Amino acid sequence: MTTITVPEPRPLAAGDLPASPEQARQLFRSVFAQLAAGVTVLATVTPAGPSGMTASAVTSLSLDPLLVLACVGNRSATLVEICQAGRFSINMLDATGVELATGFAAQPSADRFTDVSHQIVHEVPVLDDALAWTTCTVHALHPGGDHTILVGSVIGLYRGHGRPLLWHDGRFQSISPGRQDCEDPDM
């Protein structure tokens, strides 16, 4: 009879992925929770009225031409509505915007604009309490696993003043006013 020796599972070395896909997803979430992200509301119009969702995977993409991108879950009703409208806004929330962020993340989506002060600019809703916003037309869509990468061509911009609302380590946070340790002279 032949004896087969099964080696002991080796401990994970720094940088290794866990063997279980679920454990790998949990570690992935934990790692990227350390990357602070601005909190935004993506918004568009539908025949039934304004629609929107909270998003933190949003960034500038290009200066020439002016492009932005947002990563939106493939099953998002707001993604479908943005594609149908061909336009959307990105509303950057300020440090007081926790209630707005929570409201736009909650279900049902039809109630997300209830009691939210906004105006229509370039045929899309922009939030009156936004720190800054941009209006966009849909430039391109790209597959990104369980998300779609939405690229917008910028058609309007607004910048207010204040501190941004951030999502970090699984909770809302903001930048503390005060001393600046690092300054970029080109900013």
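These exercises explore the pockets and one surface patch of a predicted model.

**Exercise 1. Describe the largest pocket: its volume, its central residues and the elements that line it.**

Solution.
- Start with the volume. The largest pocket holds about 1,200 Å³ of space.
- Next, find the centre. The lining has 33 residues, and S56, A57, C71, H147 and W167 are the closest to the centre.
- Then turn to the elements. Two or more lining residues come from each of α1 (21-32), β3 (49-55), β5 (66-73), α2 (77-85) and α3 (98-105).
- Pick the top contributor. That is α1, which gives the most, with 5 residues.
- Finish with the chemistry. The lining splits into 19 nonpolar, 9 polar and 5 charged residues.

**Exercise 2. Do the same for the second largest pocket.**

Solution.
- Volume: about 440 Å³ of space lies in the second largest pocket.
- Centre: 20 residues line this pocket, and the closest to its centre are M92, L131, A132, R159 and P164.
- Elements: β1 (37-38), β9 (132-144) and β10 (147-159) supply at least two lining residues each.
- Chemistry: the lining has 12 nonpolar, 7 polar and 1 charged residues.

**Exercise 3. Locate F28, and decide whether F28 is buried or exposed.**

Solution.
- Place F28 first. F28 sits in helix α1.
- Check its accessibility. The relative value is 54%.
- Apply the cut-off. Exposed means over 50%, so F28 counts as exposed.
- Look at the partners. F28 joins L27, V31, F32 and L35 in a nonpolar surface patch of about 510 Å².
- Link back to Exercise 1. Helix α1, which holds F28, also gives the most residues to the lining of the largest pocket.

How values were computed:
Residues are numbered from 1 along each chain as its sequence is written. This is a predicted model: local features need pLDDT of at least 70, side-chain atom pairs count only at pLDDT 80 or more; totals for chains, interfaces and linings use all residues. Side-chain values use heavy atoms; hydrogens and water are left out. On a 1 Å grid over the protein atoms alone, a cavity is a set of points where a 1.4 Å probe fits but cannot get out, and a pocket is an open set with protein on both sides within 12 Å along at least five of seven lines; lining residues have an atom within 4 Å of a point. Grid points are joined across faces, edges and corners, and a volume is the space filled by probe spheres set on the points. Helices (H or I, at least four residues) and strands (E, at least two) are DSSP runs, numbered from the N terminus. Ala, Val, Leu, Ile, Met, Phe, Trp, Tyr, Cys and Pro count as nonpolar, Asp, Glu, Lys and Arg as charged, and the others, Gly among them, as polar. Patches are made of residues with over 30% relative accessible area and no salt bridge: like charges are joined within 9 Å, nonpolar side chains (Val, Leu, Ile, Met, Phe, Trp, Tyr) within 5 Å. Accessible areas come from the Shrake-Rupley method with a 1.4 Å probe; for residues, only the protein chains shown count as cover. A salt bridge is a side-chain nitrogen of Lys or Arg within 4 Å of a carboxyl oxygen of Asp or Glu. Buried means under 20% relative accessible area, exposed over 50%, partly exposed in between (1.4 Å probe, protein chains only).
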